[in-house]
Amino acid sequence: MRKITISLIVFCFLSFAKAGLIRKILADQSIVKSSLSVDSLAFYVSPNGHDSDNGSLNHPFKTLERARDTMRLSPIKTAYLRSGEYARSQTLILDSNDNGQKWQNYPGDPVNSAILNGNGIQDVIDILGGSDITIEGLLVKNYTSRGIGVHGGKGWGNAAPYFNQTYSAAKNNIIRNNIVEAGIVPAPGWDRAGINTQGTVPNTQIINNVVRNTTGYGIGIWSLQAGDDISGTEVKNNALLNTCSTVNDGAAIYTNDRTATSTNVLIENNFIRDYGQFANFVRAVYLDDRASNTIVRGNIIAGTGRQPILLHGGNNNQVTGNIIDIGNSGKMSVLNYAISGTSAMTGNKFIGNIIISSYAIDSAGGAYLKTGTVTFPEIKYNYYYNYSTGIVNTGGLFYELKDSFPLQGDPKLSGWRYELSSTSPVFNNPTNFPPIVRHWGPPGYMIPAAGTAPSSLLPGSNHIYLHAESYASMNGVVKNGIYIGSCDNNDWVRFENIDLSSDYNSFTARLAVPATHAGQKVQVRLDSPTGALIGELTTTDTGGFNNYVEQSTPLNGGVGIHNIYIVFSGGAGVGNFDYFKFH
């Protein structure tokens, strides 16, 4: 052992030729040896520690850099941070020399009680080309670019600091049980987020974190150029609250894959509330620039923002089993489906989601938006409910996308956490909604009753509204924006798979008809234009073809799921029609 020590000293002198550096290395080795004799599990850091101490529980280091540099020389790869505030004036950088390290709050202290205050620096913690590194249980705040960042592979020009430089791949890193807050990120905020990964960063796990009160993106995952890889990324069990408050064209959870080559990306069981202002084109979950092969499952999306989901140019993405509350804030579509480049956008699905709202108008609610020449996604078995008027739109309002098998009714949601009753009809065929896993954020964290209140706090009703212009098929009528006209004798519109299981006894049409055309018939038939007649409304004068009022008639029969035909009878110009209601 003595010969090895002497050889090491000689080697150091020959290699570094600076006495000061050699003294530092020898001191580091002394600290490592003494620490091993005191505590063989971890090094400790405390705001009240001293870097000249040995890093044990009773004699912790003071700075994160001291713990990092010591672990680089040690078989010990865990640093426990004691409670208190660590004032940061520079980024803690972990690179390939730090592979396998774990940075965690001390298990004997409250979770998130170790606070890394960035004091306005751009990045607080960055993993740059490091792998198998864990950041857990910390509270990170006051950043202007990234709270916690992971970057590997090629740099991206406008992603300074650090992310514009090239590093080795950053693989299998874990960001878990942290709170990241108070980000003041200048607009537009691209290539930055509270928790941010970029480049060659496969198998990153971002789980059980809270990102809150930031002007910028919440969680961002970027694959921007050849060689980048975000395959295997998991974004699970996170809470994202009040994000994107000033950012433009961003998202609470954002992914980008311009190569369209990454696979097995999972965005699951996240709680997202208040993700920006409508005017700023922000979304809750944004699969941008051909992001493909992603599952968006079991998330709760609520509050302010432009659109809950945007798929932009990608393939084989599945959006299923989510609760989406579009409230009454002006969103015109649940799903924005937009072309990117020449992508055909094949294999995408939007199936089995719960979509609720509290709109007081019938021009919005559950519409879908398409831009560009793309292959339509598969949209079906989604469950719709409006707690204000009952009016929902399952697609077709100005836009080309619509639900091929929509279901309507009260999903029996309650509270600020969107609890589902065990007797909710959404658990039945064909929606087959899976239970939400919940358990968002670090241990003990509870979603606050703050921000935009859920639509489901309103009393609601069991009325079913069918937008006249959202028919599945028709004969003879003309669609005019949000109403239909030219409804003449034997013309009809069909609505598919309407659930009349609540045994409705009244039918109402919101219609417009002048006295000269009044007295004709609006028939409700089951499953064909000549099927069972369960209701017949004789129209009365409303004051003209532009003056809409509700008129009602009794319903008899029709329990169960049916294709509903609204058949017009009598002569020409039976009326113009806005919506039909079963109640």
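# Reading rings, bends and burial

Biologist: Arginine 146 lies over the face of phenylalanine 163, 3.7 Å from the ring centre. When does a charge sit over a ring?

Modeller: NZ of Lys or CZ of Arg must be within 6 Å of the ring centre and within 35 degrees of the ring normal. Arginine 66 is placed over the face of phenylalanine 61, at 6.0 Å from the ring centre. Before going on: this is a predicted model, where local features need pLDDT of at least 70, side-chain atom pairs count only at pLDDT 80 or more, and totals for chains, interfaces and linings use all residues. Residues are numbered from 1 along each chain as its sequence is written, and side-chain values use heavy atoms, with hydrogens and water left out.

Biologist: Which residues of H3 are buried?

Modeller: Buried means under 20% relative accessible area, exposed means over 50%, and partly exposed lies in between (1.4 Å probe, protein chains only). The buried residues of H3 are Leu64, Glu65, Arg66, Ala67, Arg68, Asp69, Thr70 and Met71. Helix H3 spans residues 64–72, and 8 of its 9 residues are buried, so the rest of the structure largely encloses it. Arg66, the partner of phenylalanine 61, is among those buried residues.

Biologist: How many helices and strands does the protein chain have?

Modeller: Helices (H or I, at least four residues) and strands (E, at least two) are DSSP runs, numbered from the N terminus. The protein chain has 3 helices and 45 strands. Its C-alpha atoms fill a box of roughly 110 × 45 × 35 Å along the principal axes. Of its 583 residues, 59% count as buried.

Biologist: Now the backbone. Where is a cis peptide bond that has omega of about 0°?

Modeller: Most peptide bonds are trans, and most residues other than glycine have a negative phi. Alanine 160 and proline 161 are joined by a cis bond, with omega of about 0°. Proline 161 sits in the loop between strand S8 (139–152) and strand S9 (174–176). Another cis bond runs from alanine 187 to proline 188, with omega near 5°. Proline 188 sits in the loop between strand S10 (179–183) and strand S11 (193–199).

Biologist: Next, positive phi. Is methionine 345 buried or exposed?

Modeller: Methionine 345 counts as buried because its relative accessibility is 0%. Its phi is near 55°, a positive value in a residue other than glycine. The loop that holds methionine 345 lies between strand S26 (335–338) and strand S27 (349–351). Take asparagine 293 as well: phi is positive, about 55°, although the residue is not a glycine. Asparagine 293 lies in the loop between strand S20 (283–288) and strand S21 (294–297). With 25% relative accessibility, asparagine 293 counts as partly exposed.

Biologist: On to strand S45. Which side chain does the side chain of aspartate 578 contact?

Modeller: A polar contact is a pair of N or O atoms within 3.5 Å; within protein, one must be able to donate a hydrogen and the other to accept it, and residues adjacent in sequence count only if both atoms are side-chain atoms. Aspartate 578 reaches the side chain of arginine 510 at 2.6 Å. Aspartate 578 belongs to strand S45 (residues 576–582). It counts as buried because its relative accessibility is 4%.

Biologist: How many aromatic pairs does the whole structure hold?

Modeller: Rings of Phe, Tyr and Trp (its six-membered ring) pair if their centres lie within 6.5 Å; planes under 30 degrees apart are stacked, over 60 edge-to-face, the rest tilted. The whole structure has 21 aromatic pairs. Ring pairs join Phe495, Phe507, Phe568, Phe577, Phe580 and Phe582 into a cluster.
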